[in-house]
Amino acid sequence: MTTTTNSHPPVRRAASALEHRLGLAAGVYAGLGLLAGLFYRTLTHSRDFTGATTLSLGHTHFLALGMLVMLLVLVLERLFGLSESKAFRWFEPLYHVGLLVTAGALIVRGTLQVVATNPTSMAFAGVAGLGHILLTVAFVMLFLALRGALRSAR
């Protein structure tokens, strides 16, 4: 005996402008991470550099904090509509600026370490610290938005 069901595939809604922007950001950060890794390998090999440098951290910051976090936020937006929260409106710009400042400071300092300049200036630590502060505030905004979305989903 055969039974037929009248089930239809679930209807998918079109991606919002924010979802497109988050996907684009993830792709851009993936590209920046790959370029930063290539720059690190090329520069250190061309100078026969074997010491410690912050240059390698730009690669991991862009891939982990850039690409992976943006993909995760994209999924959370799709599932819970995080963008309906006022806190989320602060998250996105703070996060992008914080990540670009942090990774940029690491790459500049690391480049100077490799080319035999002694970058002892506290300005590098200050700029990287400012970037990390912005990232921290952005994460707080993200979790506030997530909390609000989870409460409204009940």
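A helix here is a DSSP run of H or I that spans at least four residues, with numbering from the N terminus. With that in hand, here are some notes on this predicted model.

1. Let's begin with helix H4, which covers residues 122–152. Leu150 belongs to this helix, and so does Phe124. The two differ in cover: Leu150 has 39% relative accessibility and is therefore classed as partly exposed, while Phe124 is buried because its relative accessible area is 18%, and buried means under 20%. Phe124 also has a partner from elsewhere in the chain to look at: its C-alpha lies 9.9 Å from that of Gly104, with the two positions 20 residues apart along the chain.

2. Leu150 leads on to the surface. Together with Val75, Leu79 and Phe80, Leu150 makes up a nonpolar patch whose accessible area totals about 350 Å². Which helix gives the patch its largest share? That is H2 (residues 55–80), with 3 residues.

3. H2 deserves a look of its own. This helix has 26 residues, and the distance from its first C-alpha to its last is 37 Å, close to the 38 Å expected at 1.5 Å a residue. You will still find a bend in H2, of about 25 degrees, at His61. Just after the helix comes Gly81, with a positive phi near 65 degrees.

4. What do the buried residues of H2 pack against? Their partners are helix H1 (17–46), helix H3 (86–114) and H4. The buried set includes Leu55, Gly58, His61, Phe62 and Gly66 in the earlier part of the list, and Val69, Met70, Val73, Leu76 and Glu77 are also in it. Note that His61, the site of the bend, is one of these buried residues.

5. From the H3 side, Leu99 is a good residue to select in your viewer. Leu99 sits in helix H3, and with 0% relative accessibility it counts as buried, since the cut-off is under 20%. Setting aside neighbours within four places in sequence, Leu99 touches Tyr29, His61, Leu65, Gly66, Gly104 and Leu135. For His61, the C-alpha to C-alpha separation from Leu99 is 7.6 Å, although the two are 38 residues apart along the chain. Gly104, among the contacts of Leu99, is also the residue paired with Phe124 in point 1.

6. Now for the charges. Side chains of opposite charge can pair when their charged atoms come close. How many salt bridges does a search of the whole structure find? The count is 2.

7. One of them joins the side chains of Arg78 and Glu19, at 2.8 Å from N to O. This pair ties together distant parts of the chain, as Arg78 is in helix H2 and Glu19 in helix H1, 59 residues apart. Is Glu19 buried or exposed? Glu19 is buried, because its relative accessible area is 5%. Arg78, by contrast, is partly exposed, because its relative accessibility is 34%.

8. Another salt bridge is formed by Arg21 and Glu92, whose closest N and O atoms are 2.8 Å apart. Here too distant parts of the chain are linked: Arg21 is in helix H1 and Glu92 in helix H3, 71 residues apart. Arg21 is partly exposed because its relative accessibility is 42%. Glu92 counts as buried, because its relative accessibility is 10%.

Key
Residues are numbered from 1 along each chain as its sequence is written. This is a predicted model: local features need pLDDT of at least 70, side-chain atom pairs count only at pLDDT 80 or more; totals for chains, interfaces and linings use all residues. Side-chain values use heavy atoms; hydrogens and water are left out. Patches are made of residues with over 30% relative accessible area and no salt bridge: like charges are joined within 9 Å, nonpolar side chains (Val, Leu, Ile, Met, Phe, Trp, Tyr) within 5 Å. Accessible areas come from the Shrake-Rupley method with a 1.4 Å probe; for residues, only the protein chains shown count as cover. A salt bridge is a side-chain nitrogen of Lys or Arg within 4 Å of a carboxyl oxygen of Asp or Glu. Helices (H or I, at least four residues) and strands (E, at least two) are DSSP runs, numbered from the N terminus. Buried means under 20% relative accessible area, exposed over 50%, partly exposed in between (1.4 Å probe, protein chains only). The expected span of a helix is 1.5 Å times one less than its number of residues. The bend at a residue is the angle between axes fitted to the seven residues ending there and the seven starting there. Contact means heavy atoms within 4.5 Å.
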